Amino acid sequence: MNNYKNRSVRHPGVGRFLLATTVLALLSVSCHQQQPVQLVGEAQGTYYSILYYDAQQRDLQPQIDSLLDAFDLSASLWVDSSLLRRINANLTDSLDNILHTLLSHSSFVEEYTGGAFNCRVGRLVQAWGFSFKERSEPDSAALAAMLQAVNDTFSFDSLRVHKSPATEFDFNAIAQGYSVDLLARMFNSLGIESYLINVGGEVIAHGKKANGKPWAVGIERPAENRYSAPDVEISIPLVDRSVVTSGSYRKYYEKDGVKYSHTIDPATGRPVTHSLLSVSVVEDECWLADAMATAYMVMGLDWAKAFIAAHPEGPGTDAVFFIYDSCGTMKSYATPAFKQLIKN
Ligand code: AMP
Ligand code: MG
């Protein structure tokens, strides 16, 4: 569905970022300092923006694009022939490294979050209309069948997955974050120590800028609706860490005055409707920040607060939440660990 061709654009000016995380003051280096290479392109139906300091000023766009292309051929739901689409259609049970890792990470987060995160929501996501099929409200019999598919057991090893034919995997809550980790690994292997990678608002920062300062990443205040311009609320210094935001305020649809989020509560099989607008999570690895942000969107603020209190060592302790209070006023709640992070 998405056209991934003509993805590469070199130095076209300012990139567009889809959700809630904005890169701040990137190029504030003096002319005596080394300039970062800046690359902007398209991936996974969104934009990427990458900055890195490289003494050789190498153009890494071809490598970046081929990594992201290979990633889509494996884990994208929008590429008809992807391995994930073929597994979901029960045409194969073979796994590659990417899908094996996504299954392992997803299983860990599902267990850790008490089932709030669940990568087997594929059919529900489609049924509620956030994927490539028509939007409709499933009747209760259809909902019960899809919930069964979400709860059916599955198993896998590094080569194969065994699942019920009705189960369809959806890694959209974790895959983009993992692709950022893979790009970071590529930069590390090339000996590049200072970089900032942003794929659709999912960010990892490594090392510091040439002026010795940390990369600065901005977190947006959630907008009234998907058309509102981003408004940076908090700037966080990020060294060797990732930040990911999940939100209901850009990806939703409205029917009879109710906003349906694209996040499904695996306990009910329905889109979540609580007042949590967005949550940003800072973690060492981007897949984990991505998955925990989605899990918190399922939990809502009260459960998320109790969860964080029960898991003081993390992962997921560095988070900031935006909600509407009972009077309809937007409020934020930052965890103690997150407050510490922005103080530094
Ligand atoms: P994100 O934008 O990272 O929060 O991911 C949201 C996407 O993850 C949705 O569009 C679905 O494809 C998928 N998803 C929805 N609900 C869940 C859930 N409870 N657990 C895991 N993935 C989900
Ligand atoms: Mg996510």
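A polar contact is a pair of N or O atoms within 3.5 Å. The exercises below apply this and a few other cut-offs to a predicted model.

**Exercise 1. Describe the surroundings of ligand 1, and find which polar side-chain atom lies 2.6 Å from an oxygen atom of ligand 1.**

Begin with the shell as a whole: 17 residues surround ligand 1, and the closest are Asn 118, Asp 170, Ser 246, Ile 264 and Thr 294. Sorted by class, this shell holds eight nonpolar, six polar and three charged residues. Among the elements of secondary structure, helix H7, which spans residues 286-310, gives the most to the shell, with three residues.

Next, look at the individual atom pairs. The side chain asked for belongs to Asp 170, one of whose polar atoms is 2.6 Å from an oxygen atom of ligand 1; this pair counts as a polar contact because the cut-off is 3.5 Å. Two backbone atoms can be added to the picture: a polar backbone atom of Ile 264 lies 2.8 Å from a nitrogen atom of ligand 1, and a polar backbone atom of Ala 116 lies 3.0 Å from a nitrogen atom of ligand 1.

Finally, consider the surface of the ligand, which exposes 490 Å² when ligand 1 is taken alone, 95% of which the protein buries.

**Exercise 2. List the protein donors of the magnesium ion (ligand 2), and work out where Asp 290 and Thr 294 lie.**

The first step is to read off the donors, which are the O atom of Ala 173, the O and OD atoms of Asp 290, and OG1 of Thr 294, at 2.0 to 2.4 Å from the ion. In sequence, these donor residues follow the spacing A-x116-D-x3-T.

The second step is to place the last two of them: Asp 290 and Thr 294 both belong to helix H7, where they are four residues apart, about one turn of the helix. Thr 294 is also among the residues closest to ligand 1.

The third step is to ask whether these two residues are buried or exposed. Buried means under 20% relative accessible area, and so Asp 290, at 2%, is buried, as is Thr 294, at 14%.

**Exercise 3. Summarise the chain as a whole: how many helices and strands does it have, and what part of its residues is buried?**

Counting the elements gives eight helices and 18 strands. The chain has 344 residues, of which 55% count as buried. Its accessible surface comes to about 15100 Å², and carbon and sulfur atoms account for 51% of that area. As for contacts in the chain with a separation of 6 or more, 64% are between residues 24 or more positions apart.

**Exercise 4. Find the backbone features at Pro 315, Gln 57 and Asp 240, and say where each residue is placed.**

Start with Pro 315, which is joined to Gly 314 by a cis peptide bond with an omega of about 5°; Pro 315 is in the loop between H7 and strand E17 (319-324).

Then turn to Gln 57, which is not a glycine and yet has a positive phi of about 50°. Gln 57 sits in the loop between strand E4 (46-53) and helix H1 (61-75). With a relative accessible area of 40%, Gln 57 is partly exposed.

Asp 240 likewise has a positive phi, of about 55°, although it is not a glycine. The loop that holds Asp 240 runs between strand E10 (231-238) and strand E11 (241-247), and Asp 240 is partly exposed, its relative accessible area being 40%.

**Exercise 5. Ala 304 and Met 330 both count as buried; determine which residues they are in contact with.**

Ala 304 is part of helix H7, and its relative accessibility is 0%. Apart from neighbours within four places in sequence, Ala 304 is in contact with Tyr 296, Met 299 and Phe 321. Of these, Phe 321 is 17 residues away from Ala 304 in sequence and 9.5 Å away in space, C-alpha to C-alpha.

Met 330 is placed in strand E18 (residues 330-334), and its relative accessibility is 15%, which means that Met 330 is buried. Beyond neighbours within four places in sequence, its contacts are Arg 221, Pro 222, Leu 277, Phe 322, Ile 323 and Tyr 324. A further pair to trace in the model is Met 330 and Ser 275, which are 55 residues apart in sequence and 9.7 Å apart in space, C-alpha to C-alpha.

Notes: Residues numbered from 1 in each chain as written. Chains lettered and ligands numbered in written order. Predicted model: local features only at pLDDT ≥ 70, side-chain atom pairs only at ≥ 80, totals over all residues. Heavy atoms only, no water. Near = heavy atom within 4 Å. Polar contact = N/O pair within 3.5 Å; in protein donor to acceptor, adjacent residues only side chain to side chain. Areas by Shrake-Rupley, 256 points an atom, 1.4 Å probe, with all protein chains shown as cover. Helix = DSSP H or I, 4+ residues; strand = E, 2+ residues; numbered from the N terminus. Nonpolar A, V, L, I, M, F, W, Y, C, P; charged D, E, K, R; others polar. Donors = N, O, S within 2.8 Å, 3.2 Å for Na, K, Ca; no water. Buried < 20%, exposed > 50% of the residue type's maximum accessible area, 1.4 Å probe, protein only. Contact = heavy atoms within 4.5 Å.
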